[in-house]
Structures are given as structure tokens and as C-alpha cells.
Amino acid sequence: MTASAWTDDRIGRLKTLWLAGQTAEQIARDLANGITRSAVLGKVHRMGLSAGRSGRPPKRLDAGPKPSRVAPTRSLADRPIDARPVVATEHGLATVLSVRRCQCRWPFGEPGAADFSLCGQPVTRGAFCASHAAVAYRPAADTPRTLDRLARLN
């Protein structure tokens, strides 16, 4: 039988620190020697100490209220429609095997064809370069008026 890392002294220290509001990570650092955050949380749960404390540690009193930053909302109908075509090239700079995380993955050609390639330009949004992201990521239409404007009915 192996000896438990939870001695009576450590259990007493755990209770004291937990009820004082310390986090499991702070308690694990204090107890050290093989006691992890997960071990602390498991012991707290098994001892039933978690019922006596709220889920979140109390907020620091020295932190003032954060200023609220509310972005101005504009309807899609108020936004200008970008009718510029995306500059299309015949062939990309990368292949499926050579494309890197920071390169555009816009496909050129049919996936099974020998001349299939990917754009390969530097990524600016998501998985695409600026010109391909403008095509790939469209804002959702929010009103029938917006749809009419996009269809150029107004």
C-alpha cells in the first residue's frame, strides 16, 4: 500500500486556505511536492468544502469600474455596398501540402485536378487574405430593406 500525499497537516492547511478564499492553483503552489490544482479540487470535492464557498473568488476592491465601450451599431442598409470584383488570378502560390497557417487557403481550380492550388497570400482575416475574406465573410442580412438594397431594387 502506498502512502497518501494528503497528510493531516496538508488537509488542515487545505481547509484553512480554501475557506480563506484561495484558489485551487494557489493552494497547490503552497502545498507543493506533487499536489496539483486538480488534486486540490478533487480533495475539496470529496471533503464537501465546495458547498460552503461561491464558485468565483471575490473581486478585488482596488479595481475600479471598467469603462463601457459600446460600439456604434449600423444597419447593413446604412453601409456602402462594395461592388468591386475580387482580383482573380489563374493560379495560387501554394499547394495543399505546402500551405502554412498564415497563408490564404482560397482554392483555385478543381480539387482533383493537377493544377489545383491555393492562394497563398498572407492571411488578414480567418483563413483568407483581404480580398478573399471580403467574399468569404459576408455580414448577415438583417432586414428586407437590406435585401432589397443588395438586390439593387431600391
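**Exercise 1. Determine how exposed Glu-25 is, and describe the salt bridge that Glu-25 forms within its helix.**

Solution. Glu-25 is partly exposed, with a relative accessible area of 45%, where buried means under 20% relative accessible area, exposed over 50% and partly exposed in between (1.4 Å probe, protein chains only). The model is a predicted one, in which local features need pLDDT of at least 70 and side-chain atom pairs count only at pLDDT 80 or more, while totals for chains, interfaces and linings use all residues. Residues are numbered from 1 along each chain as its sequence is written, and side-chain values use heavy atoms, with hydrogens and water left out.

The next step is the partner: the side chains of Glu-25 and Arg-29 meet in a salt bridge at 3.4 Å, N to O, a salt bridge being a side-chain nitrogen of Lys or Arg within 4 Å of a carboxyl oxygen of Asp or Glu. Both residues lie in helix H2, four residues apart, about one turn of the helix; helices (H or I, at least four residues) and strands (E, at least two) are DSSP runs, numbered from the N terminus. An α-helix has 3.6 residues a turn, so residues three or four places apart point the same way. Arg-29 is exposed, with a relative accessible area of 58%.

**Exercise 2. State how many salt bridges there are, and work out which parts the pair of Arg-13 and Asp-30 ties together.**

Solution. The count comes to two salt bridges. In the pair of Arg-13 and Asp-30, the closest N and O atoms are 2.9 Å apart. Arg-13 lies in helix H1 and Asp-30 in helix H2, so this pair ties together parts that are 17 residues apart in sequence. Arg-13 is partly exposed at a relative accessible area of 37%, and Asp-30 likewise counts as partly exposed, at 39% relative accessibility.

**Exercise 3. Identify the buried residues of H2 and explain which side of the helix they occupy.**

Solution. In helix H2 (residues 24-31), the buried residues are Ala-24, Ile-27, Ala-28 and Leu-31. They cover an arc of only 100° around the axis, which puts them on the same side of H2; the arc is that of the directions from the helix axis to the C-beta atoms. These buried residues pack against helix H1 (8-19) and H3. Just after H2, Ala-32 takes a positive phi of about 50°.

**Exercise 4. Describe the surroundings of Lys-43 and of the other buried residues of H3.**

Solution. Lys-43 is found in helix H3 (residues 37-47), whose buried residues are Val-40, Gly-42, Lys-43 and Val-44. What covers them includes H1 and H2. Although buried, Lys-43 has no salt bridge, and the nearest side chain of opposite charge, that of Asp-8, is 8.2 Å away; for this purpose Lys and Arg count as positive and Asp and Glu as negative, while His and the chain ends are not counted. Leaving aside its neighbours within four places in sequence, Lys-43 is in contact with Trp-6, Ile-11 and Leu-14, contact meaning heavy atoms within 4.5 Å. Just after H3, Gly-48 takes a positive phi of about 75°.

**Exercise 5. Find which elements contribute to the largest nonpolar core, and place Val-40 within its contacts.**

Solution. A nonpolar core is a set of buried Ala, Val, Leu, Ile, Met, Phe, Trp, Tyr and Cys residues joined through side-chain atoms within 4.5 Å. The largest has 13 residues, and those with the most contacts inside it are Trp-6, Leu-14, Trp-18, Ile-27, Val-40 and Val-44. H1, H2 and H3 are the elements that give two or more residues to this core. Setting aside its neighbours within four places in sequence, Val-40 is in contact with Trp-6, Leu-14, Ala-24, Ile-27, Ala-28 and Ile-35. A second, separate core of six residues includes Cys-104, Phe-108, Cys-129 and Ala-133.

**Exercise 6. Classify the ring pair of Trp-106 and Phe-128 and the ring pair of Phe-128 and Tyr-137.**

Solution. Rings of Phe, Tyr and Trp (its six-membered ring) pair if their centres lie within 6.5 Å, with planes under 30 degrees apart counted as stacked, over 60 as edge-to-face and the rest as tilted. The rings of Trp-106 and Phe-128 have their centres 5.5 Å apart and their planes at 75°, so this pair is edge-to-face. For Phe-128 and Tyr-137, the centres are 5.8 Å apart and the planes at 55°, so the pair is tilted. Ring pairs thus link Trp-106, Phe-128 and Tyr-137 into a cluster.
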